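Student: Could you show me how to read a few features of a protein model, beginning with what it takes to call a residue buried?

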Amino acid sequence: MLRFFAKARRAQKTEAPAYDELLARIDKERLPRHIAVIMDGNGRWAKERGLPRYAGHSHGTEALRLVVEQARELGVRILTVFAFSTENWKRPSIEVSALMELLRKYIAGETARLHAQHIRLNFIGDWRELERGLCLQIEEAMKVTAANREMTLNIAVNYGGRQEILRSVRKIAEKAALGQISPAEIDEQMLESGLDTAGMPDPDLLIRSAGELRISNFLLWQLAYAELYYTPVYWPVFDKTQFLLAVLDYQKRGRRFGGLGE
């Protein structure tokens, strides 16, 4: 595994397969409906270039724009990206403040663009716990794009997978305490109805950049049968070509969901 990533890192310095060639190989009949992305490596990318971590995060928003465009062009229905976790509050306050400011700028700069592309912008996680002004900005962006049906972009902010499951369980417990449901009625569908992604299909594919081999408390319930794709490429340089490579890798997989397949 270590040799694989060492080889892959060296490959970043060589010419990637031509974009047009990769695009021609995509099977439009076997696209993942829902792709989840852990956008990792912004800080390391910046550090290797002698830049502040904020510069890495800023470049990361450019990568996100490219990936959103590519996902829409292919026909992916849902893209869910991990922007800020409940654990990220442990980072230095100056970095947290910079990330919140970057989120403000992203919403202000991208909402109109997403709306013009008929993309619905949605936020998941405990984002209502953020600063009041930012919450109002998020609410307005979701309201403006709510009717769009081309694609949904979920941005996970102040999000934790365990916390999301707990929120759903508490809703069920409250109903049980009021006598509205009995324990025997509790099933997977009831729990899923209380998740932030209620009504959406589970991710078919999880992409994580920068070579880390973990899911980091992201969509723990929803990723049960997702195909996992890890790449050593840092997020700020993850582009449309890298996205196509991930989709092509997904299309090589045999999905059996615990069965024997065909």
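Tutor: A residue is called buried when its relative accessible area is under 20%. Keep in mind that the model in front of us is predicted. Here Phe218 counts as buried because its relative accessibility is 0%, and Tyr159 counts as buried because its relative accessibility is 0%.

Student: How many aromatic pairs does the structure hold, and how are the rings of Phe82 and Phe218 placed?

Tutor: Two rings count as stacked if their planes are under 30 degrees apart and as edge-to-face if they are over 60. The structure holds five aromatic pairs, and among them is the stacked pair of Phe82 and Phe218, with 4.4 Å centre to centre and 10° between the planes. This pair links distant parts of the chain, since Phe82 lies in strand S2 and Phe218 in the loop between strands S5 and S6, 136 residues apart. Phe82 is buried, as is Phe218.

Student: Which arrangement do Tyr159 and Phe218 show?

Tutor: Their pair is edge-to-face, with 5.9 Å centre to centre and 85° between the planes. Tyr159 belongs to strand S4, and 59 residues separate it from Phe218. Phe82, Tyr159 and Phe218 together form one aromatic cluster.

Student: What span does helix H4 reach from its first C-alpha to its last?

Tutor: An α-helix has 3.6 residues a turn, so residues three or four places apart point the same way. Helix H4, with 22 residues from 53 to 74, reaches 32 Å, close to the 32 Å expected at 1.5 Å a residue. Just after H4, Gly75 takes a positive phi of about 110°.

Notes. Residues numbered from 1 in each chain as written. Predicted model: local features only at pLDDT ≥ 70, side-chain atom pairs only at ≥ 80, totals over all residues. Heavy atoms only, no water. Helix = DSSP H or I, 4+ residues; strand = E, 2+ residues; numbered from the N terminus. Expected span 1.5 Å × (residues − 1). Phe/Tyr/Trp six-rings, centres within 6.5 Å; stacked < 30°, edge-to-face > 60°. Buried < 20%, exposed > 50% of the residue type's maximum accessible area, 1.4 Å probe, protein only.
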